[in-house]
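Open the model in your viewer and follow the stops below in order.

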Amino acid sequence: MLEVNKQRIHIKKLGLKNYKKFQNVSVEFSQGLNVLVGQNNAGKTSIQQDSKRVS
């Protein structure tokens with residue numbers, strides 16, 4: 001789900017299904033800064049790369 005503003009795009013929710021390491025996952029983002037934290041090889045970069053594809 002995207003919220004479009006004249007100056008920026010805010011991704012509210014990102015759903016991943018059968019994407020890289022994720023079988024079925026949904027990530028909700030708040031406005032402002034969001035930080036992904038996890039161990040190595042946990043999928044943080046996959047979420048970041050997929051969010052770039054959406055925007």
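Select Asn 34: at 34% relative accessibility this residue counts as partly exposed, the class between buried (under 20% relative accessible area) and exposed (over 50%), with a 1.4 Å probe and protein chains only. Asn 34 sits in the loop between E4 and helix H1 (44-54). Helices (H or I, at least four residues) and strands (E, at least two) are DSSP runs, numbered from the N terminus.

This is a predicted model, in which local features need pLDDT of at least 70 and side-chain atom pairs count only at pLDDT 80 or more, while totals for chains, interfaces and linings use all residues. Residues are numbered from 1 along each chain as its sequence is written, and side-chain values use heavy atoms, with hydrogens and water left out.

Stay on Asn 34 and show Ser 30, whose backbone oxygen is reached by the Asn 34 side chain at 2.8 Å. Then add Gly 32: its backbone oxygen lies 3.3 Å from a polar atom of the Asn 34 side chain.

Next, select residues 13-19 (strand E3) and 22-28 (strand E4), which pair in the antiparallel sense over six bridges; pairing requires that DSSP finds at least two bridges between two strands. Within this pair, Gly 15 stands opposite Ser 26 in E4. The two strands form a hairpin with two residues between them, and Lys 20 in the turn has a positive phi of about 50°.

Finally, zoom out to the whole protein chain. One helix and four strands make up its secondary structure, in the order β-β-β-β-α along the sequence. Of its 55 residues, 24% are buried.

Methods
Polar contact = N/O pair within 3.5 Å; in protein donor to acceptor, adjacent residues only side chain to side chain.
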